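Work through the three exercises below with the sequence and the model open. Each task is followed by a stepwise solution.

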Amino acid sequence: SKRVQVPDNIYTGGVYYERIESNKWLMMFMVVQKIKVFLEFISTEHPTAIQDQIIRFSFIDSNTGYIELLLQDSVICHGWYIEPHMQPLKLMKRDADLFGSNDLPIPPSCLVTIWADLSCNPKIRLRHPVTLTGIDCNT
């Protein structure tokens with residue numbers, strides 16, 4: 001079989017979820033260029049994580065590039081809440097480039113805790129669009 005060479009300017013962003021408690025999840029958005037090293041990291045460090053959306057992209061600015069997740073209000077719908085672990089939810093290209101080296105053995109990530117207030121009896125499935133800036137997905 002023939003190996004496909006991925007161009008140096010193509011990156012992968014992935015969303016993974018891990019249940020923390022019965023009503024609480026950790027959403028992890030990670031950006032990497034070295035996908036094989038990343039998959040090994042996920043299977044070792046987060047074996048119970050569930051994979052969701054995966055995107056391929058390039059950074060708009062190839063020198064000082066970044067990807068930023070823009071979330072709406074923290075109260076999504078009745079009974080659901082999101083709590084970003086940092087503001088802004090921004091990852092730098094230079095960190096994605098370093099992932100897998102001795103300088104950065106873990107992938108750059110944005111973490112968001114999502115929880116359901118059980119006293120509100122949240123029955124509607126949570127759907128929350130996220131806008132991504134700083135990237136071009138038409139690669």
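Contact here means heavy atoms within 4.5 Å. The model is predicted.

**Exercise 1.** List what Met27 touches, leaving out residues up to four places away in sequence, and place Met27 in a core.

Solution.
- Step 1: With those sequence neighbours left out, Met27 touches Val15, Tyr16, Tyr17, Leu69, Cys110, Leu111, Val112 and Ile114.
- Step 2: Met27 is among the residues with the most contacts inside the largest nonpolar core, together with Phe29, Val31, Phe57, Phe59 and Ile67; this core has 21 residues.
- Step 3: Two or more residues of this core come from each of strand 1 (11–21), strand 2 (24–32), strand 3 (50–59), strand 4, strand 5 (80–84), strand 6 and strand 7 (109–116).
- Step 4: A second core, separate from that one, has 11 residues, including Phe41, Ala49, Phe99 and Leu104.

**Exercise 2.** Work out which strands stand at the edges of the open sheet with the order 6-4-8.

Solution.
- Step 1: The sheet has 3 strands, and their pairing is antiparallel.
- Step 2: Strand 6 (89–92) and strand 8 (131–133) each have a single partner strand, so they stand at the edges and one side of each lacks a neighbour in the sheet.
- Step 3: From one strand to the next, the twist averages 20°.
- Step 4: Strand 4 (residues 66–70) is joined to strand 8 by 3 bridges, and Leu70 stands opposite Thr131 in strand 8.

**Exercise 3.** Classify Cys110 and Cys137 as buried, partly exposed or exposed, and count the disulfides.

Solution.
- Step 1: Buried means under 20% relative accessible area. Cys110 has 0%, so Cys110 is buried.
- Step 2: Cys137 has 44% relative accessibility and therefore counts as partly exposed.
- Step 3: A disulfide needs two cysteine sulfur atoms within 2.5 Å. The count is 0 disulfides.

Terms used
Residues are numbered from 1 along each chain as its sequence is written. This is a predicted model: local features need pLDDT of at least 70, side-chain atom pairs count only at pLDDT 80 or more; totals for chains, interfaces and linings use all residues. Side-chain values use heavy atoms; hydrogens and water are left out. Two strands pair if DSSP finds at least two bridges between them. Helices (H or I, at least four residues) and strands (E, at least two) are DSSP runs, numbered from the N terminus. Axes are lines fitted to C-alpha atoms, for helices over the stretch in contact, and angles run from 0 to 180 degrees between N-to-C directions. A nonpolar core is a set of buried Ala, Val, Leu, Ile, Met, Phe, Trp, Tyr and Cys residues joined through side-chain atoms within 4.5 Å. Buried means under 20% relative accessible area, exposed over 50%, partly exposed in between (1.4 Å probe, protein chains only).
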